[in-house]
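Reader: Hey, I've got a protein model open and I'm a bit lost. Can you walk me through it?
Author: Sure, let's have a look at it together.

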Amino acid sequence: MTASPENSPAPAPGLVSLVGAGPGDPGLITVRGLERLQCADAVVHDEMISPELLARARADAALIPAGKRRGHHCMEQDAINALLAELARAGKRVCRLKTGDPFVFGRGGEEALFLAAAGIPFEVVPGVTAAVAVPGAAGIPVTHRGLAAVCTVVTGHGDPDSGGVDWEAVARAGGTVVVLMGLKHLARIAERLRRGGLAGGTPAAVI
């Protein structure tokens, strides 16, 4: 999938870099991710990317919002895919700047598959996922010797009763459960986890 030499600070024109921006703090983007942002001709970015981080792009770079929030998409995924291909075919160095890590509930896999099928050179620059960074910033390790040898990361975005996630199986796995995008359905998720055997007194945090 990587279409540029390792440690190359300037990818070739016509390349799409799927870059993880990290969990929000602009200081938590990787060195490689920042390089790709700073050399891009066009930055197609999520809505929640820090303005401070976007300010690190080149002054002449096109900044194109492609954000999604619950209930509101300023650009649908098919349109984002088509835009990435269009920019790359025009010879642009494209930074697709995504929150967290592109492959952790970020639709980076969908974009990678589309670009591969379209014959567009691309690379993946992993980012720091909120699944571990946010608990860590709050002083909560997701694994701890003698307490949690397993960490399950699961999306809480959809209706818990829709069948998308087997919450009872998640509860039975033990260890730490990290639920991303779960605030709307929090009460129902907790009920399903208790049904799966998770004790009602299990320590929990909402961050």
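Author: This is a predicted model. Its largest nonpolar core has 18 residues, and Val16, Leu18, Val44, Leu84, Leu115 and Phe122 are the ones with the most contacts inside it.
Reader: Ok, which helices and strands each supply at least two residues of this core?
Author: Strands E1 (16-20), E2 (42-45) and E7 (122-125) do, along with helices H3 (77-89) and H4 (108-118). The largest share is from H3, with six residues.
Reader: Is there another core apart from it, and how many residues are in that other one?
Author: Yep, a separate core of 15 residues, including Ala21, Ala40, Ala57 and Leu97.
Reader: Switching topic: where does Arg96 lie?
Author: In strand E6, which covers residues 94-98.
Reader: And is Arg96 buried or exposed?
Author: Arg96 counts as buried because its relative accessible area is 1%, and the cut-off for buried is under 20%.
Reader: What does the side chain of Arg96 make a polar contact with?
Author: With the side chain of Glu111, at 3.2 Å. Beyond its close sequence neighbours, within four places, Arg96 also has contacts with residues including Val16, Leu18, Val44 and Leu84.
Reader: Cool. New one: in what sense do strands E8 and E9 pair?
Author: Parallel, over five bridges, with E8 at residues 151-155 and E9 at residues 176-180. One of the bridge pairs is Thr155 with Leu180 in E9.
Reader: What does the chain cross through from E8 to E9?
Author: Helix H6, residues 167-173, and that β-α-β crossover is right-handed.

Note on methods. Residues numbered from 1 in each chain as written. Predicted model: local features only at pLDDT ≥ 70, side-chain atom pairs only at ≥ 80, totals over all residues. Heavy atoms only, no water. Helix = DSSP H or I, 4+ residues; strand = E, 2+ residues; numbered from the N terminus. Buried < 20%, exposed > 50% of the residue type's maximum accessible area, 1.4 Å probe, protein only. Polar contact = N/O pair within 3.5 Å; in protein donor to acceptor, adjacent residues only side chain to side chain. Contact = heavy atoms within 4.5 Å. Core = buried A, V, L, I, M, F, W, Y, C linked by side-chain atoms within 4.5 Å. Pairing = 2+ DSSP bridges. Right-handed = clockwise from strand over helix to strand, strands pointing away.
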